[in-house]
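Biologist: I am new to reading protein models. Could you walk me through this one, feature by feature?

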Amino acid sequence: MSIRQPSSARKHTALPKAQILIEALPWLTRHHGKTVVIKFGGNAMVDEELKAAFAQDVVFLRHAGLRPVVVHGGGPQISKQLDRLGLESEFRAGLRVTTPETMDVVRMVLAGQVQRELVNLLNQHGPLAVGMTGEDAHIMAATKHLAEVDGEAVDLGRVGRISSVETGAIEALLDDGRIPVISSIARSADDDHVYNVNADTAAAALAASLGAETLMVLTDVEGLYADWPNSDDVISELTAAELEKLLPELASGMVPKMEGCLHAVRNGVHTARVLDGRVPHSILLEIFTDEGIGTMVVPDAAPEPRETRRNTSHNAEGHA
């Protein structure tokens, strides 16, 4: 008969895993049952390993008791298809100029390619994901959006500004334990057109309408830089008022993302976060660790204590 060795005599190689789980416990408790809206975009959409990691993160959130909603664009895929068809890709104020011909491509790529691939990745882990567009069940309605360039209004074609959100279909899916995956296309509020809506803007509007706990925006940078290009220090946390002051100085590609974060926290969302989608499992690192990564935006007068982080800024080495 063998005698079992006392635990002190054995090397517990799995102990670090237990410590990681314990670190996540306060955040699991805080976020349990809460809705999290995630905007899927950037390099994470085109790298196979990052796509797989993203799907794992979202499914993990669902099984951890959160209610994830995914909103996606498809800029790289749309541009690639436009190139194949000999159609020009043009951007003004960070938004794609969308002709009727371009709108047909946008609709096809988002709903027929990007969404289906993402739904299939999520459903490798069980019958969880359901794909929709903003047209379905009148989820999103939009009116024409005119961009401001050098102080003048510029017509971007069939680019829409969200005018209303109907969350009933999304909430029904969430209540049924599903993961809604929504393409950023909206029906017209005043005619028969369909509008291309910036996915950052769509995610922010949905987060506000759903009363989400947080909005998470995946992008191709580490977060909001404090003094780019003079420094690569990332702002860890800032208030809505602080962000509003910075908006005029931001690069055009960051403007829709940060405007979306600002809209979210000023309309009931507790936090909005911009994360580096090039970091595998960045969603889990942000939600379930004490330090977090990326940039977090909070309301000016938060109704509850802010989440605390060990560091106030992160540089490039800190994200390796």
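Modeller: Gladly! Keep in mind that this is a predicted model. Let us begin with histidine 281, which counts as partly exposed because its relative accessibility is 30%. Histidine 281 sits in the loop between β14 and α9 (282–288).

Biologist: What is the sign of phi at histidine 281, and about how many degrees is it?

Modeller: Here is the general idea: most residues other than glycine have a negative phi. Histidine 281 is not a glycine, yet its phi is positive, at about 60 degrees. Alanine 137 is another case to look at, with a positive phi near 50 degrees. You will find alanine 137 in the loop between β5 and β6.

Biologist: Now the sheet, please. In which order do the strands of the open sheet come?

Modeller: In general, strands of a sheet pair through backbone hydrogen bonds, either parallel or antiparallel. Here eight strands form an open sheet in the order β5-β8-β2-β1-β11-β14-β15-β13, and the pairing is mixed. The edges are β5 (129–133) and β13 (237–239), each of which pairs on one side only. On average, neighbouring strands of this sheet are turned by 20 degrees against each other, ignoring direction.

Biologist: How many bridges join β5 to β8?

Modeller: Five bridges link β5 to strand β8 (residues 179–183), and the two run parallel. To find one of the partners, look at valine 130, whose bridge partner in β8 is proline 180.

Biologist: Let me try β11. Which strands does it pair with, and how do they run?

Modeller: On one pairing, four bridges join β11 to strand β1 (residues 35–40), running parallel. There, isoleucine 38 stands opposite methionine 216 of β11. Strand β14 (residues 271–276) is also parallel to β11, joined by six bridges. In that pairing, leucine 215 has alanine 272 in β14 as its bridge partner.

Biologist: And which way do the side chains of β11 point?

Modeller: The general rule is that in a regular strand the side chains alternate between the two faces of the sheet. In β11, Thr214, Met216 and Leu218 point one way, while Leu215, Val217 and Thr219 point the other way. Strand β11 (residues 214–219) is mostly covered, with six of its six residues buried.

Biologist: Is valine 70 buried or exposed?

Modeller: Valine 70 has a relative accessible area of 0%, so it is buried. This residue belongs to strand β2. Among the contacts of valine 70 beyond its neighbours within four places in sequence are Ile38, Phe40, Phe54, Leu118 and Ile182. Valine 70 and isoleucine 182 also show how the chain brings distant parts together: they are 112 residues apart in sequence but 6.2 Å apart in space, C-alpha to C-alpha.

Biologist: Next, the core. Which residues touch the most other members of the largest nonpolar core?

Modeller: In soluble globular proteins, nonpolar side chains tend to be buried together. The largest nonpolar core here has 43 residues, and Val37, Leu215, Leu243 and Met258 touch the most other members. Elements that each supply at least two residues of this core include β2 (67–72), α6 (199–210), β11 and α8 (255–265). Helix α6 gives the largest share, seven residues. A second, separate core has 42 residues, including Leu50, Leu66, Val109 and Val194.

Biologist: What does leucine 243 touch?

Modeller: Setting aside neighbours within four places in sequence, leucine 243 is in contact with Leu224, Leu238, Met258, Cys261, Leu262 and Val297.

Biologist: How should I read a pair of helices, such as α6 and α8?

Modeller: Look at the distance and the angle between their axes. Those of α6 and α8 come within 8 Å and cross at roughly 10 degrees. Angles under 35 degrees count as roughly parallel, and α6 and α8 are therefore roughly parallel to each other. In their contact, residues including Ala204 and Ala208 of α6 meet residues of α8, Gly260 and Ala264 among them. The residues of this contact divide into five nonpolar, two polar and two charged.

Biologist: One last residue: where does glutamine 77 lie?

Modeller: Glutamine 77 is part of helix α3 (residues 75–84). With a relative accessibility of 10%, glutamine 77 counts as buried. Not counting residues up to four places away in sequence, glutamine 77 touches Met45, Val46, Val109, Gln113 and Val114.

Definitions and conventions
Residues numbered from 1 in each chain as written. Predicted model: local features only at pLDDT ≥ 70, side-chain atom pairs only at ≥ 80, totals over all residues. Heavy atoms only, no water. Buried < 20%, exposed > 50% of the residue type's maximum accessible area, 1.4 Å probe, protein only. Contact = heavy atoms within 4.5 Å. Pairing = 2+ DSSP bridges. Core = buried A, V, L, I, M, F, W, Y, C linked by side-chain atoms within 4.5 Å. Axes fitted to C-alpha atoms, helices over the stretch in contact; angles between N-to-C directions. Parallel < 35°, antiparallel > 145°, perpendicular 65-115°, else oblique. Nonpolar A, V, L, I, M, F, W, Y, C, P; charged D, E, K, R; others polar.
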